[in-house]
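Work through the exercises below with the sequence and the coordinates at hand, and try each task before reading its solution.

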Amino acid sequence: MRLHRADLWLGEDIRIGVTDLRATLVPSAADAPVRLDTPTHFGISIHQGRVTLDSATLQTLIQHYFAGGDRGMRDVQVAIAHDRLVITGQFQRRGWVDFHLTGSVQRADGRHLALIPQTLSVNGQPARAVMAASNIRLADVVSVRGPAIRIDGNRILLDVLALLPPPTITAMLATATLDARGLHLTFDDGHHEPQVEPARTSRSYGLLYGGRLIIGPLHLADPRIQLVAADNDRLDLSLNHYRQQLDGQPMRLLPDVPHTTFLVPLAPWQSS
């Protein structure tokens, strides 16, 4: 799969803004088909990519993760202030305690981001300087339970991929930067294949290729399915809603191209 200047929706409010993305769709069972609207039955292995998660998506992911308050934190809110991430909420410490934290974000390893606190207030009182003077680490004060977020000394380690809903995504994180537009991530697992270009020029598109396409009794080897926006704007691809996006749109079989290629326009999923 290749996505170029497109939006990939993994849920109602979870939008991944894609600059460019190359990946392999992997069915959970050998020889099973990939059904885009059954995301629990396949995974996405990202080879190279540049994507952005805006503040609204980060907010949705964090709130879903902490829903119920059983992970040691609750009422968590996320915002971006210039190049700093701002997190507010309550943590559990002999009852529920208010906190306000701002920090920078950097790559920790191929899987995790590190949030480095710059300021921290607890119950409205500055706490960072007091903690430093008393040799108290953030991990000594805040306890977070769960696979996606943990406290390591004075760092908050965040596994963004573990926050995402199905399909399961595997990737090697290369860089991470934060600005007012969102959290920008690049991936590279070292697996480089020849670049596949779209059959029809488009500034925003998705391209599915390789494998076999089965349409009733028709079996096609290594077809191309080029997804474009029906309104010639930015392509939306919603794994949960692509059938509605496709409904009523004219799919074309392109002539005079090396591979069997279908041009498939998708309506924006929000208005489907």
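**Exercise 1. Decide whether Trp-269 is buried or exposed, then find its aromatic partner.**

Step 1. Trp-269 has a relative accessible area of 9% and is therefore buried, where buried means under 20% relative accessible area, exposed over 50%, and partly exposed in between, with a 1.4 Å probe and protein chains only. This is a predicted model, in which local features need pLDDT of at least 70 and side-chain atom pairs count only at pLDDT 80 or more, while totals for chains, interfaces and linings use all residues. Residues are numbered from 1 along each chain as its sequence is written, and side-chain values use heavy atoms, with hydrogens and water left out.

Step 2. The structure holds two aromatic pairs, a pair being rings of Phe, Tyr and Trp (its six-membered ring) with centres within 6.5 Å, counted as stacked when the planes are under 30 degrees apart, edge-to-face when over 60, and tilted for the rest. Trp-269 pairs with Trp-9 in an edge-to-face arrangement, 5.3 Å from centre to centre and with 75 degrees between the planes.

Step 3. Because Trp-9 lies in strand E1 and Trp-269 in the segment after E20, the pair ties together parts that are 260 residues apart in sequence; here helices (H or I, at least four residues) and strands (E, at least two) are DSSP runs, numbered from the N terminus. Trp-9 is buried as well, with a relative accessible area of 8%.

Step 4. In the pair of Phe-91 and Phe-99, the ring centres are 6.1 Å apart and the planes lie at 45 degrees, so this pair is tilted. Both Phe-91 and Phe-99 are buried.

**Exercise 2. Describe the surroundings of Asp-7, a residue of strand E1 (residues 2–9).**

Step 1. With 8% relative accessibility, Asp-7 counts as buried.

Step 2. The side chains of Asp-7 and Arg-15 are joined by a polar contact of 3.2 Å, that is, a pair of N or O atoms within 3.5 Å of which, within protein, one must be able to donate a hydrogen and the other to accept it, residues adjacent in sequence counting only if both atoms are side-chain atoms.

Step 3. Leaving aside residues up to four places away in sequence, Asp-7 touches Arg-15, Ile-16, Gly-17, Val-18, Arg-234, Leu-235, Asp-236 and Leu-237, with contact meaning heavy atoms within 4.5 Å.

**Exercise 3. Which residues line the largest cavity and the largest pocket closest to their centres?**

Step 1. On a 1 Å grid over the protein atoms alone, a cavity is a set of points where a 1.4 Å probe fits but cannot get out, a pocket is an open set with protein on both sides within 12 Å along at least five of seven lines, and lining residues have an atom within 4 Å of a point. Four cavities of 30 Å³ or more are counted by this rule.

Step 2. The largest cavity holds about 310 Å³ of space, and of its 26 lining residues the closest to the centre are Met-73, Ile-87, Leu-115, Ile-149 and Ile-156. Strand E7 supplies the largest share of this lining, five residues, and by class the lining divides into 26 nonpolar, no polar and no charged residues. Ala, Val, Leu, Ile, Met, Phe, Trp, Tyr, Cys and Pro count as nonpolar, Asp, Glu, Lys and Arg as charged, and the others, Gly among them, as polar.

Step 3. The largest pocket contains about 1400 Å³ of space, a volume being the space filled by probe spheres set on grid points that are joined across faces, edges and corners. Of the 39 residues that line this pocket, Val-34, Leu-208, Arg-212, Leu-213 and Ile-225 are the closest to its centre. E2 gives the most to the lining of the largest pocket, with five residues, and this lining has 25 nonpolar, eight polar and six charged residues.

**Exercise 4. Where in the backbone do His-82 and Pro-167 lie?**

Step 1. His-82 lies in the loop between E4 and E5, and its phi is near 60 degrees, a positive value in a residue other than glycine. His-82 is exposed, with a relative accessible area of 68%.

Step 2. Pro-167 is found in the loop between H4 and strand E11 (168–170), and a cis peptide bond with omega of about 10 degrees joins Pro-166 and Pro-167.
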